[in-house]
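Me: I'd like to learn how to read a model like this one. Could you walk me through it, starting with confidence?

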Amino acid sequence: MDKLINDFSFGLFIWQIVIFVGLILLLKKFAWKPILDAVNDREEGIKNALLSAENARKEMQNLQADNQRILQEARLERDNMLKEAREMKEKMVADAKNEAQVQGLKMIEQAKAAIESEKNAAMAELKLQVSTLSLSIAEKLLKDELSNKEAQTKLVEKLLGDVKLN
């Protein structure tokens, strides 16, 4: 260290200071400014990228919320459609049952009417046959009784006796 102090020269020292200051000025003008600009630009880029990432994250959350909302709405709409379809099916089944019941009752009434009509027709036919048979029997009996003169007289007297005079 003593050697450095003994060999010290003011001229060399001043030249070194001038060169050092010149070097600093040159570095400041040509190196520091571009380096600082590059660092600042990079910092801005990083800030912008972080902001973009944050915005993208927020937008993604909004999209997910929208997707959830749309999905929920779709589920509700599907449930409503299924409910309406079930109600329509039940109504159609109930209407079909009611219609079938009405048709069945109509058919039963028609069958009862047809049976009653057939019964009446059969009764009329039976009455006709009975009356025809009765007339035929009465005719035969009257022929037998009226063929005998004595029986004819008795019959007339009997009928006259049955008839009351007013």
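Reply: Sure. This is a predicted model, and among the elements of the protein, helix H1 (residues 2–6) has the lowest mean pLDDT, 70, while H2 has the highest, 90. Where pLDDT is low, the predicted coordinates should not be read in detail. Across the protein the average pLDDT is 87, with 95% of the residues scoring at least 70.

Me: What does UniProt list for residues 12–32, and how is that stretch folded?

Reply: Start with the record, then check the coordinates. An unreviewed UniProt entry places a transmembrane region at residues 12–32. In the model that stretch is 100% helix and 0% strand, and its end C-alpha atoms are 27 Å apart.

Me: And which residues does the record give for the coiled-coil region?

Reply: Residues 46–125, again from an unreviewed UniProt entry. The chain there is 100% helix and 0% strand, with 115 Å between the end C-alpha atoms.

Me: Is Phe20 buried or exposed?

Reply: Buried means under 20% relative accessible area, exposed over 50%. Phe20 comes out at 52%, so Phe20 counts as exposed. Phe20 is found in helix H2 (residues 10–147). Phe20 also belongs to a nonpolar surface patch, whose members include Phe13, Trp15, Ile24 and Leu25. Together the patch residues have about 1300 Å² of accessible area.

Me: How many residues of H3 are buried?

Reply: Zero of the 14, so H3 lies largely in the open. For its geometry, compare span with expectation: H3 (residues 149–162) reaches 20 Å from its first C-alpha to its last, close to the 20 Å expected at 1.5 Å a residue.

Technical notes: Residues numbered from 1 in each chain as written. Predicted model: local features only at pLDDT ≥ 70, side-chain atom pairs only at ≥ 80, totals over all residues. Heavy atoms only, no water. UniProt positions renumbered as here; feature names shortened; annotations may be inferred. Helix = DSSP H or I, 4+ residues; strand = E, 2+ residues; numbered from the N terminus. Patch = residues over 30% accessible without salt bridge, like charges linked within 9 Å, V, L, I, M, F, W, Y side chains within 5 Å. Areas by Shrake-Rupley, 256 points an atom, 1.4 Å probe, with all protein chains shown as cover. Salt bridge = Lys/Arg side-chain N within 4 Å of Asp/Glu carboxyl O. Buried < 20%, exposed > 50% of the residue type's maximum accessible area, 1.4 Å probe, protein only. Expected span 1.5 Å × (residues − 1). pLDDT = per-residue confidence, 0-100.
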